Amino acid sequence: MRSYNDPVTVLRVEAILKHRGRTITDSDVAFIRELIAKHPTASRWRLSKKLCEAWNWVQPNGTLRDMVCRSLMLELHRAGHIELPPVRLVIKNPLARRKAERRKPIPWLVDTTPLCARLAEIRPLEFRQVRRTWEEPLLNHLLERYHYLNYTQPVGEHLKFLVYAVGRPIACLAWSSAPRHIGARDRFIGWSAEARRKNIRFLAYNTRFLILPFVQVEHLASHILGQMARLLSQDWERVYRHPVYYLETFVDPERFRGTSYRAANWILLGRTTGRGKDDHTNKPNRPIKEVLGYPLSKDFRQLLSEVR
């Protein structure tokens, strides 16, 4: 029986690198090498899927994270830790093209007759989640044509909504995965770095909100935001199999006052630093924007701070 004075051997686990919140160790590298050796004819695409299956590396909706896995394996390959098979097929990623090279949304014929009315006269509004439906190109066109930032293809989890009244579209909203690091938001939530990595998927970021310019209805924007807050989590859970507990957006104070968001009880949390995620200079390189948030649950802090 060992006494408390006996020496204890402590095994140190050396971290090779960190990739998307996952720490890769020597034993992980050895496992990947063994996987490659066992499947000498497998392509990089096939190896990434096999590694995801072995590690149970999946998205919240159960889909394999094979694209993230391939980028990890490529990083290890370039660092000399593993040897991947030669590239067999180059798959062009349309999201990686420069903005000027991206295909513009297809034009649509839209009723541009001015709509001037009281809100009560056009209610109830109809909210349609249009991602992966025949109406998605219409929303893309409206954003490209009428939003000052134009249309950009979202990445990660995202949903798109058209708002209809009196038989015609009057507004568009686009939601996507939230940015990983926003100081004002992170301080407001009060979560740890580990909780943020685990629970960032429970946040939705309002990337676009457009009332069509020929629609003049007082209080319409704040009403839409209020209705959207009641609907979004349910649609998100239907598509991605998890709810949303918190909404956020950015407002450019040089252009807008964020009046509609404030009227819908969104909270002004502070401002961005003006530095992108790949910044290495610690100096602003883009417009500084106001950060607004909207909790969807009273216990959002507890839900977002859980680490299991």
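# Chat on a predicted model

Q: Helix 1 first. What span should its 13 residues have at 1.5 Å a residue, and how far apart are its end C-alpha atoms?
A: This is a predicted model. In it, helix 1 covers residues 26-38 and should span 18 Å. Its end C-alpha atoms are 18 Å apart, so the two agree.

Q: Which residues of helix 1 are buried?
A: Asp28, Val29, Ile32, Leu35 and Ile36. They cover an arc of only 120° around the axis, so they sit on the same side of helix 1.

Q: What do those buried residues pack against?
A: Two strands and two helices: strand 1 (15-19), strand 2 (22-25), helix 2 (44-55) and helix 3 (66-78).

Q: And which exposed residues are on the face turned away?
A: Ser27, Ala37 and Lys38. Lys38 has 57% relative accessibility, and over 50% counts as exposed.

Q: Which side chain does Lys38 meet in a salt bridge?
A: Glu34, at 3.4 Å from N to O. The two are four residues apart in helix 1, so about one helical turn separates them. Glu34 is partly exposed, at 42% relative accessible area.

Q: How many salt bridges does the count come to?
A: The count is 14. One of them joins the side chains of Arg168 and Asp111, at 3.9 Å from N to O. That pair links distant parts of the chain, 57 residues apart. Arg168 is in strand 6 (residues 168-177), while Asp111 is in the loop between helix 3 and strand 3 (115-117).

Q: Buried or exposed, what is Arg168?
A: Buried, with 9% relative accessibility. Its partner Asp111 is partly exposed, at 40%.

Q: What about Asp186, which residue is its salt-bridge partner?
A: Arg196, with the closest N and O atoms 3.8 Å apart. Asp186 lies in helix 6 (residues 183-189) and Arg196 in helix 7 (residues 193-199), so the bridge ties together parts 10 residues apart in sequence. Asp186 is buried at 12% relative accessibility. Arg196 is buried too, at 13%.

Q: Which residues make up the salt-bridge network there?
A: Arg185, Asp186, Arg196 and Glu248.

Q: Switching to backbone. Where is the cis peptide bond?
A: From Arg123 to Pro124, with omega near 5°. Pro124 is in the loop between helix 4 (119-122) and strand 4 (126-129). Most peptide bonds are trans, and most residues other than glycine have a negative phi.

Q: OK, phi then. What is the value for Arg132?
A: About 65°, so positive, although Arg132 is not a glycine. Arg132 is in the loop between strand 4 and helix 5, and counts as exposed at 68% relative accessibility.

Q: And what is phi for Asn150?
A: Near 60°, also positive in a residue other than glycine. Asn150 lies in the loop between helix 5 and strand 5. Asn150 is partly exposed, at 26%.

Q: Which residues make the nonpolar surface patch?
A: Tyr148, Leu149 and Phe256, with an area of about 250 Å². Tyr148 is in the loop between helix 5 (136-146) and strand 5 (158-165). Tyr148 is partly exposed at 33% relative accessible area; patch residues need over 30%.

Q: Big picture: how many helices and strands?
A: The protein has 10 helices and 11 strands. Buried residues are 43% of its 308 residues.

Q: What share of the contacts joins residues at least 24 apart?
A: The share is 68%, among contacts between residues at least 6 apart in sequence.

Q: And what does the accessible surface come to?
A: About 19,100 Å², with 50% belonging to carbon and sulfur atoms.

Technical notes: Residues numbered from 1 in each chain as written. Predicted model: local features only at pLDDT ≥ 70, side-chain atom pairs only at ≥ 80, totals over all residues. Heavy atoms only, no water. Patch = residues over 30% accessible without salt bridge, like charges linked within 9 Å, V, L, I, M, F, W, Y side chains within 5 Å. Areas by Shrake-Rupley, 256 points an atom, 1.4 Å probe, with all protein chains shown as cover. Salt bridge = Lys/Arg side-chain N within 4 Å of Asp/Glu carboxyl O. Buried < 20%, exposed > 50% of the residue type's maximum accessible area, 1.4 Å probe, protein only. Expected span 1.5 Å × (residues − 1). Arc of directions from axis to C-beta. Contact = heavy atoms within 4.5 Å.
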